[in-house]
Each structure stands twice: as structure tokens, then as C-alpha cells.
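Okay, thanks for having me, everyone. Let me put the structure up so we can walk through it together.

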2 protein chains.
Amino acid sequence: MKITALIMAGGRGERFWPKSRKRTPKQFLSLTHSDETMIQSTVRRILPLVRMEDIFVVTNQDYERLVREQLPSLPPENILCEPTARNTAPCIGWGAVTIRKKYGDAMMLTLPSDHLIQQPKLFRNVLKNAIQVAQDTDALVTLGISPSSPDTEYGYIQYDMESSEGYHNAFKVKRFVEKPDLATAKKYLADGEYLWNSGMFVWKASAILREMEAHLPDHYALLTAIEQAIGTPEERGVLEAKFIQMRAISIDYGILEHSKNVYVLPASFGWDDVGSWLSVARINPADEKGNVVRGDVISVNSTRCIVQGGGKTIALVGMEDTILVDTEDALLVCAKDSAGEIRKVLEELRSNNRSELL
Amino acid sequence: MKITALIMAGGRGERFWPKSRKRTPKQFLSLTHSDETMIQSTVRRILPLVRMEDIFVVTNQDYERLVREQLPSLPPENILCEPTARNTAPCIGWGAVTIRKKYGDAMMLTLPSDHLIQQPKLFRNVLKNAIQVAQDTDALVTLGISPSSPDTEYGYIQYDMESSEGYHNAFKVKRFVEKPDLATAKKYLADGEYLWNSGMFVWKASAILREMEAHLPDHYALLTAIEQAIGTPEERGVLEAKFIQMRAISIDYGILEHSKNVYVLPASFGWDDVGSWLSVARINPADEKGNVVRGDVISVNSTRCIVQGGGKTIALVGMEDTILVDTEDALLVCAKDSAGEIRKVLEELRSNNRSELL
């Protein structure tokens with residue numbers, strides 16, 4: 001069966017302000033020492049499994065130019081620009097009907113554009129197993145990450161350790177759980193039956209659409225209308241009219257939590273969702289004082305800082321656990337334990353109509 | 001008697017890096033909300049007492065252009081460029097012989113160029129008293145600041161509270177003491193007989209030169225040689241040959257500590273020596289969270305920070321007691337209690353031959 005990929009690249013990446021901006025969010029940047037942007041790495045690492053012309057990128061009109069620039073060999077018609085943001089279920093549904101219209105049916109790797117994977121070969125091996133399971137079972141297959149800490153920023157997947165041992169490493173999913181509190185996360189970690197929900201999925205287009213028809217029938221009806229218009233002069237008009245009618249809902253909450261036919265492949269391939277500036281310290285090498293710096297930085301008695309420099313020389317003196325991000329027009333200095341409050345800066349910029357800095 | 005002023009403007013201001021640079025030290029900058037630089041304020045506040053043509057500025061060749069630019073109505077011949085830095089005694093001695101050569105004798109206000117005085121009218125009243133005392137007694141008169149805290153960054157002056165009460169508020173000095181430790185400074189403050197040594201002096205040129213002859217005879221001999229050459233074709237050559245032979249020594253240590261004829265005027269006129277970034281928090285108004293900011297700053301849950309912005313927007317999130325200084329080519333982020341270690345950044349720049357940043 002043909003293998004396609006749907007890469008989701010519509011996110012705004014506010015947690016990486018000021019480097020990530022509305023006009024250039026995280027997936028179009030490099031946050032490691034690599035020169036490649038995150039979406040470029042996402043594509044490159046699946047190319048041994050998927051042909052470029054079978055890769056689809058869902059984004060929005062603001063980023064179409066960036067996708068074309070960063071992925072010049074992607075056919076322009078494979079860039080799907082959402083008329084509006086409606087979370088992952090409508091996004092994936094649109095991708096699935098686009099693929100069904102074009103190929104009848106196909107395997108569909110459904111991947112975020114802004115995650116880091118440090119062992120791409122291991123990752124592809126897991127994908128191959130997932131494809132085999134999805135092929136054989138018609139199931140929805142998710143990639144679950146063996147948790148290394150009781151992280152409260154991830155959703156968790158509880159799986160049935162007895163269910164299918166040995167079968168391409170796939171296990172039946174018992175349930176999906178939302179981001180837990182710390183005590184619960186610690187229990188999950190000790191329990192051993194829980195994995196981090198990576199947001200990466202493998203399924204046939206027909207399989208996800210069948211589940212969508214069952215669990216989100218209103219969405220499915222709108223999606224079939226969109227599908228019928230593909231290739232006609234009314235395509236964009238129908239898309240805009242129907243897409244906006246779909247309720248915003250995530251694929252996890254809308255489908256995966258309800259479906260009876262979900263497998264998970266527990267895996268470790270150096271995954272990081274690069275969810276905040278704190279992750280930059282996890283995914284990049286640190287100096288002997290625990291500082292992770294990029295740019296021209298002079299550090300005096302400073303420890304565990306994260307520095308993303310711009311053009312100028314940065315001197316850190318006596319600083320601890322501080323995030324410093326310098327860009328051409330904005331500078332962030334943030335205590336590590338306040339990283340969640342960066343959004344308040346964006347709120348202030350919005351309320352002062354300073355959209356040039358968003 | 002004619003009143004002249006000698007303004008000392010040769011300092012390098014390393015403690016204000018990166019705003020203060022070797023090519024533009026602190027006295028040529030504004031560190032308050034004023035548009036005036038510190039040397040401009042220094043001159044303006046004495047102009048009601050001294051004519052511009054009777055003001056002399058001792059600096060060095062690197063800063064001659066800055067002095068001309070910032071004090072355009074100062075006669076260029078009143079800018080005295082030291083061939084080399086030799087601390088304050090040679091600097092003041094050269095000023096004194098220059099004034100003696102030109103005027104025979106004159107009153108000589110001897111002032112740093114980089115101090116802040118928030119009540120200039122009170123300051124001038126103190127100067128007038130000091131001039132009267134120096135006129136009547138031929139003494140060396142110093143301005144002593146009533147201490148508001150047990151500061152260990154200042155030298156102290158112990159004075160004889162019984163000595164001359166009522167006489168233009170001047171008192172005989174018992175002794176000068178170097179920067180004390182905290183316990184000693186606390187004793188001084190409790191004692192009430194101690195003042196901060198402001199480094200501002202009033203005396204006749206003849207008086208300081210007589211004391212120099214007594215306590216620094218080698219310096220005095222070299223200074224008279226310099227004086228004789230003033231106005232001759234050999235002037236610069238003699239200056240360069242003799243000045244370099246003078247041992248570096250401060251006026252306090254070389255003369256004031258030994259002289260028997262020293263008065264002090266205790267005073268309070270909103271004085272600050274602006275000795276480090278920490279002083280910026282003392283001399284500028286703070287917001288309700290204790291932050292002293294200059295520039296376009298968005299502050300979220302941040303307290304007691306000092307921010308000197310450059311052109312860009314600065315967001316502070318969850319920061320405390322941090323100094324942030326942004327300039328075109330260098331950025332400093334420094335814990336307040338590490339302000340003394342800024343010099344280590346300069347050492348590193350020097351050892352890496354990065355003189356463009358010094």
C-alpha cells in the first residue's frame with residue numbers, strides 16, 4: 001500500500017517567543033545547533049520511507065510561503081492551507097479525505113512538524129513496525145514514548161502489557177489520559193504501564209475516516225463535502241464554507257479516546273516535543289557549568305542558563321537558571337521556573353496593539 | 001579672588017560596561033533620565049559660580065574630542081590631556097600649576113566629572129562656604145557627605161565636632177580613613193563623627209601647591225618644570241617627559257592624609273558617586289515592584305531589577321535583583337550581588353583581544 005505522510009505545521013509556537021513569532025513559528029526555526037529547521041528535519045527523516053510527492057503539509061495561508069521556501073521540492077499542491085484553526089481532528093480529517101480522493105486509500109503517517117528525534121533510524125524502524133500493524137489490523141496506531149521523568153506537560157497512554165507481546169512491539173491501548181498532576185505522573189512512571197503520548201500516528205486513510213464517521217459524524221459529513229469538491233472550481237469556496245463549520249476538537253479527544261481499535265508502539269528514539277525554552281536545555285549539549293548557549297556568550301560564575309544569542313556579545317555574570325533569548329527587535333530574560341508566563345508578555349503586546357512583536 | 005574649577009575626566013568607567021566603554025566612559029554618558037551627560041551636568045551646576053573660560057578639564061587624548069563635543073563653549077586650550085594616568089595628585093598638581101601660570105593665584109574647585117548631585121543649589125551654597133573658608137584660612141577644604149548607610153565603597157573623613165562650629169559649617173579634619181569593612185563602617189555611622197569622602201575639594205592653587213611641595217617634593221619639582229614650559233614651544237615635550245616621571249598617587253593618600261591644615265564641610269545635597277550599576281537604582285525612580293527601567297520594557301512578575309535598554313523591546317519574566325544592560329553590540333545580564341565581577345568580563349575580552357568591546 002502506498003505510504004503517505006501528513007505533516008501538521010500550523011502551530012503558532014508562542015512558548016518560544018521572542019525567537020518564534022506569529023510570522024515565523026517554531027517549526028520554521030532551528031532550536032538546536034543544526035542548520036536545518038524543524039520542519040526540514042521532520043521531512044528529511046521520513047524520506048527513506050515516503051516519496052516527497054506523497055508528503056502533505058497542513059498549515060495556514062500565513063506560512064505557505066515559508067513551507068515553499070523551506071521545502072522547495074515539495075509539490076505546491078501538497079501544501080494544504082487551513083481556512084481557520086480547528087485543532088487536530090479537522091486538520092487530520094481534511095488530510096485523510098485529500099489522500100483518499102487522490103489515491104483511493106493509502107497508509108498515512110501523521111506527524112507534528114516541530115518535534116525533535118535524535119535517533120531517526122530507530123524512529124524509522126518503529127514507523128515500519130507501525131505501518132505493518134496498521135496494514136494488518138486496520139487499527140489506529142500511535143507511537144508512545146517510554147517516559148524518562150514524571151512530566152506533567154504530556155498526555156499519557158495506558159497500554160495493556162499482556163495484549164500482543166511480540167507482535168511488532170504493538171500493544172492494545174487501555175486508555176488515553178490528559179496531562180496529569182505531578183503525583184499522578186509519578187504513579188504512572190512507577191506503574192510502568194504508561195507511555196507519553198507523542199502525537200505521532202500511523203493509520204490507513206480509510207481507517208481514520210471510518211473512526212471519524214463513527215465518533216465525529218458531523219465532522220465526517222462536512223469532510224465528505226470538502227472531498228467531493230476537490231479538483232472542481234468550487235474547491236476553495238466549499239473548503240472555506242465547510243471547514244469553518246467544524247467544531248475545534250483534538251484527534252485524541254475526538255477519536256482516539258473513544259475508538260476500540262487503537263494500538264501503541266512503546267519506543268525510545270530520542271524524542272522531545274520541544275515544548276518550551278526549557279527543552280532547549282534537554283536537547284543541546286551543556287558546558288561544564290550546565291549552561292546551554294548559542295551565540296557569542298561570555299559566562300562568569302553562571303550556571304544552568306539557557307542562552308540563544310542574536311548578533312551581539314552577551315555577558316552573563318552570576319546568573320542561575322535563567323533563559324535569555326536575543327533577537328533583532330526583542331529580548332527575553334526569564335527565570336526558568338517562570339517559563340510558563342512568557343504568554344503574559346504576548347498578552348501585554350496584544351493589548352498594546354504591538355502586533356509587530358507577536 | 002578669581003574662582004576657577006578643575007574637573008577630572010580621565011576615568012575609564014569599567015564598572016558600567018557595556019554602556020561605558022573605553023572610548024565613551026561614564027562621565028560622557030547619562031545614567032539617569034536626564035539627556036545631559038554627567039560631565040555636562042558637572043559643568044552646568046557650577047556655572048553660576050565660575051565662568052566657562054575659567055573651567056579646566058583634565059582628561060586624556062582619547063577623550064579630548066568627546067570633551068570638545070559635549071562642552072562646545074569650553075575654550076579648547078582649557079582641555080588638559082594627561083600623557084599618562086598617574087592618579088589624582090599629579091593630575092591636580094598639573095591643574096594647579098596651569099592655573100598659577102595663568103592667573104598668579106586663584107581659587108580652585110576640584111571636582112570629579114562623574115558624580116551625581118540632585119540638589120545643585122544646596123551644593124553651590126556649600127561651595128560658597130568652602131570658598132570663604134579656603135580664602136580666609138589658606139586651608140585645604142573638602143566636602144564631606146553625611147553618610148546615610150554604612151557603605152564600604154567610600155573612604156571616610158573623621159572630623160572634630162568641637163573645632164570650629166558655626167564658622168561656615170567647616171570643621172577641622174582629624175583623619176582620612178580608607179574604605180572600611182562593614183563592621184567598621186557601622187561603627188563610623190553610629191559614631192556620628194564620620195563623613196563620606198566625596199573627592200570634591202576647594203583650595204587656592206597656591207595652597208595645594210604649598211602642601212605638595214611639603215609632602216610630595218619630587219612631584220612638586222617636576223610640576224614646576226612643567227609650569228615653566230607652559231606657553232613655550234617645548235611645552236608638550238616637557239609635559240610628556242616630566243609627567244611620566246611622577247609616581248602615581250592619590251591626592252588623599254599623598255597630601256590630605258598628611259596635611260595639618262584640612263577642613264571639611266559636612267553636607268547633604270543628594271550626592272552619589274555613581275560607582276556601579278547598583279547606584280542606578282538609587283538615583284532613578286523605581287516602579288511599584290522596585291524595578292528601575294529605561295527603555296521599552298515589559299515586566300512580568302519581576303522585582304528590583306535594573307534595566308537599561310537599547311533600541312529593542314525587553315521582556316523580563318519572573319526575574320529578581322538582576323541588572324540588564326543592552327547596547328548595540330553587547331548585552332550584560334548580571335545578578336546584583338555579582339556586580340563586582342563585571343570586570344571579569346572585561347578581563348576575558350582583553351585576553352581574547354576583543355578590544356572593540358572594551
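I'll start with how the chains relate, then go to the sheets, and finish with a few local details. One thing up front: this is a predicted model.

So, the two chains. How many degrees of turn does it take to lay chain A on chain B? It takes a turn of 180 degrees, with a shift of 0.1 Å along the axis, and the RMSD is then 0.1 Å. That is the relation of a two-fold axis. And the surface is shared in a neat way: 100% of the contact residues of chain A recur in chain B, so the same surface serves both copies. If you want to find the axis on the screen, look for A:Val333, which among the residues of chain A comes closest to the rotation axis, with its C-alpha at 4.3 Å.

Now, what does that contact consist of? Chain A puts in 28 residues, and chain B puts in 28 residues. On the chain A side, the elements giving two or more residues are E13, E15, strand E16 (322-326), strand E17 (330-335) and helix H11 (342-351). Which of them gives the most? That's E17(A), with 6 residues. Sorted by class, the side of chain A that touches chain B has 17 nonpolar, 4 polar and 7 charged residues.

Keep E17 in mind, and let's look at the sheets.

There is an open sheet of 6 strands that takes members from both chains, and its order is E12(A)-E14(A)-E16(A)-E17(A)-E15(B)-E13(B), with mixed pairing. Why do E12 of chain A and E13 of chain B each have one side without a neighbour in the sheet? Strand E12 (292-294) of chain A and strand E13 (297-300) of chain B stand at the edges, and each has a single partner strand, so one side of each is left free of neighbours in the sheet. Neighbouring strands here are turned by 5 degrees against each other on average, if you ignore direction. Inside this sheet, strand E14 (residues 306-308) of chain A pairs with E16(A) in the parallel sense, over 3 bridges. For a concrete example, A:Val307 has A:Leu324 in E16(A) as its bridge partner. Then there's a helix on the sheet: H11(A) packs there, touching E17 of chain A plus E13 and strand E15 (313-317) of chain B. The direction of H11(A) makes about 135 degrees with that of E13(B).

Next, the other sheet of this kind. Again we have 6 strands in an open sheet with mixed pairing, in the order E13(A)-E15(A)-E17(B)-E16(B)-E14(B)-E12(B). The edge strands this time are strand E13 (297-300) of chain A and strand E12 (292-294) of chain B, each pairing on one side only. Where do the chains join up in this sheet? Strand E15 (residues 313-317) of chain A and strand E17 (residues 330-335) of chain B run parallel and are joined by 5 bridges. You can zoom in on A:Ala315, which stands opposite B:Leu332 in E17(B). Another pair to click on is A:Thr313, whose bridge partner in E17(B) is B:Ala330. Helix H11 (residues 342-351) of chain B packs on this sheet, touching E13 and E15 of chain A together with E17 of chain B.

Okay, zooming out to a single chain. Chain A is divided into domain 1 (3-272) and domain 2 (277-357). The C-alpha centres of those two domains lie 30 Å apart. Their contact takes 11 residues from domain 1 of chain A and 15 residues from domain 2 of chain A. The domain 1 side of that contact has 5 nonpolar, 2 polar and 4 charged residues.

Moving to chain B, strand E2 (residues 55-60) pairs with strand E3 (residues 79-82) in the parallel sense, over 4 bridges. How does the chain get from E2(B) to E3(B)? It crosses through helix H2 (residues 61-70) of chain B, and this β-α-β crossover is right-handed.

Last stop, some backbone details. A:Trp17 and A:Pro18 are joined by a cis peptide bond, with omega at about 5 degrees. A:Pro18 sits in the loop between strand E1 (3-8) and helix H1 (38-46) of chain A. In chain B, a cis peptide bond joins B:Trp17 and B:Pro18, again with omega about 5 degrees. Finally, B:Asn301 has a phi near 50 degrees, which is a positive value in a residue other than glycine. You'll find B:Asn301 in the loop between E13 and strand E14 (306-308) of chain B.

Terms used:
Residues numbered from 1 in each chain as written. Chains lettered and ligands numbered in written order. Predicted model: local features only at pLDDT ≥ 70, side-chain atom pairs only at ≥ 80, totals over all residues. Pairing = 2+ DSSP bridges. Right-handed = clockwise from strand over helix to strand, strands pointing away. Least-squares fit on C-alpha atoms with pLDDT ≥ 70 in both. Contact = placed C-beta atoms within 7 Å. Axes fitted to C-alpha atoms, helices over the stretch in contact; angles between N-to-C directions. Domains from an automatic or database assignment. Nonpolar A, V, L, I, M, F, W, Y, C, P; charged D, E, K, R; others polar.
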